[in-house]
Amino acid sequence: MPVLLEKARPPFLVSNDPAKLDLEVIHGFLSNSYWSPGIPLAVLQRAVAGSLCFGLYHNGSQIGFARIVTDHATFAYLCDVFVLEEYRGRGLGHWLIQTLTEHPDLQALRRTILVTRDAHGLYEKFGFCPLVRPEGYMELHRPNVCEAQHLPE
Ligand SMILES: CC(C)(COP(=O)(O)OP(=O)(O)OC[C@H]1O[C@@H](n2cnc3c(N)ncnc32)[C@H](O)[C@@H]1OP(=O)(O)O)[C@@H](O)C(=O)NCCC(=O)NCCS
């Protein structure tokens, strides 16, 4: 069980307590996002169960999320970051990322990666930069994998 990290700025809270996560809110956003359209709830549940997840809350209601796929020792992949639209532009996304970067399990990682379409400016504030040696990276990318899961056998 990862160390519990919670930061409060009443009425807001950032927490990695899995019991606080509201899967309905998270699924509602992610299944309509540009990066995981149509993600089935069961897939999201498995992803959340296997990740270090941070929720952002307003008076106890979930308004944001970030998921870190990690071995808690050497590597992490930061993904599924969002703040609900009505709460954007007031520093909450920045605070969410700042808080998760402070988690004890993430302090000695050799590499943390992420993929973003347009939020580079947000992550640059935390030391992220474009790939230094992009020619060394490879990927097996299946952007339509959720659609494939709906196909009949
Ligand atoms: C990205 C997101 C989480 C930022 O949340 P937020 O609460 O609005 O962000 P903040 O108010 O803390 O501001 C973020 C900072 O990053 C900057 N930034 C750079 N690119 C940005 C982008 N594409 N979207 C939002 N902020 C961006 C902002 O200008 C701001 O800088 P400033 O503090 O110097 O003004 C939010 O806009 C969101 O949920 N977007 C839709 C989902 C998404 O694209 N997620 C990222 C996937 S990698």
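Start by selecting Ala-8, which stands opposite Leu-13 in β2. Before going further, note that this is a predicted model, in which local features need pLDDT of at least 70 and side-chain atom pairs count only at pLDDT 80 or more, while totals for chains, interfaces and linings use all residues. Residues are numbered from 1 along each chain as its sequence is written.

**Stop 1: the first hairpin**

Keep Ala-8 on screen and add Lys-7, whose opposite residue in β2 is Val-14. Strands β1 and β2 run antiparallel and are joined by four bridges. Here, two strands pair if DSSP finds at least two bridges between them. Strands are DSSP runs of E with at least two residues, helices are runs of H or I with at least four, and both are numbered from the N terminus.

Now click on the turn: a hairpin of two residues links β1 to β2. Pro-11 lies in this loop, and the peptide bond between Pro-10 and Pro-11 is cis, with omega about 10°.

**Stop 2: across the sheet**

Select Phe-12 next and look over to His-58, its bridge partner in β3. Four bridges hold β2 and β3 together in the antiparallel sense. One strand further on, β3 (residues 52-58) pairs with β4 (residues 61-70), again antiparallel, over seven bridges. Cys-53 is a good marker here, as it stands opposite Arg-67 in β4.

In the loop between β3 and β4, pick Asn-59. Although Asn-59 is not a glycine, its phi is positive, at about 50°.

Show the whole sheet now. It is open, with six strands in the order β1-β2-β3-β4-β5-β6 and mixed pairing. β1 (6-9) and β6 (111-114) are at the edges with a single partner strand each, so one side of each has no neighbour in the sheet. From one strand to the next, the twist averages 15°.

**Stop 3: the helix across the sheet**

Select residues 92-101, helix α3, which lies across β1, β2 (12-15), β3, β4 and β5 (75-83). Residues count as in contact if their C-beta atoms, placed from the backbone, lie within 7 Å. Relative to β4, α3 runs at about 40°. Axes are lines fitted to C-alpha atoms, for helices over the stretch in contact, and angles between N-to-C directions run from 0 to 180 degrees.

**Stop 4: around the ligand**

Which residues come nearest to the ligand? Of the 15 around it, they are Arg-88, Gly-93, His-94, Gly-121 and Leu-122 (a residue is near if its C-beta atom, placed from the backbone, lies within 6 Å). Colour β5, α3 and α4 (120-124), since each supplies at least two residues of the shell. Colouring by class shows six nonpolar, six polar and three charged residues in that shell. Ala, Val, Leu, Ile, Met, Phe, Trp, Tyr, Cys and Pro count as nonpolar, Asp, Glu, Lys and Arg as charged, and the others, Gly among them, as polar.

**Stop 5: two crossing helices**

Finish with helix α1 (residues 23-30) and helix α2 (residues 41-49), whose axes come within 10 Å and cross at roughly 115°. The two helices are therefore roughly perpendicular to each other (65 to 115 degrees). To see the contact, select Leu-23, Ile-26, His-27 and Leu-30 of α1 with Leu-41, Leu-44 and Gln-45 of α2. By class, this contact has five nonpolar, two polar and no charged residues.

Conventions
Two residues are in contact if their C-beta atoms, placed from the backbone, lie within 7 Å. Angles under 35 degrees count as roughly parallel, over 145 as roughly antiparallel, 65 to 115 as roughly perpendicular and the rest as oblique.
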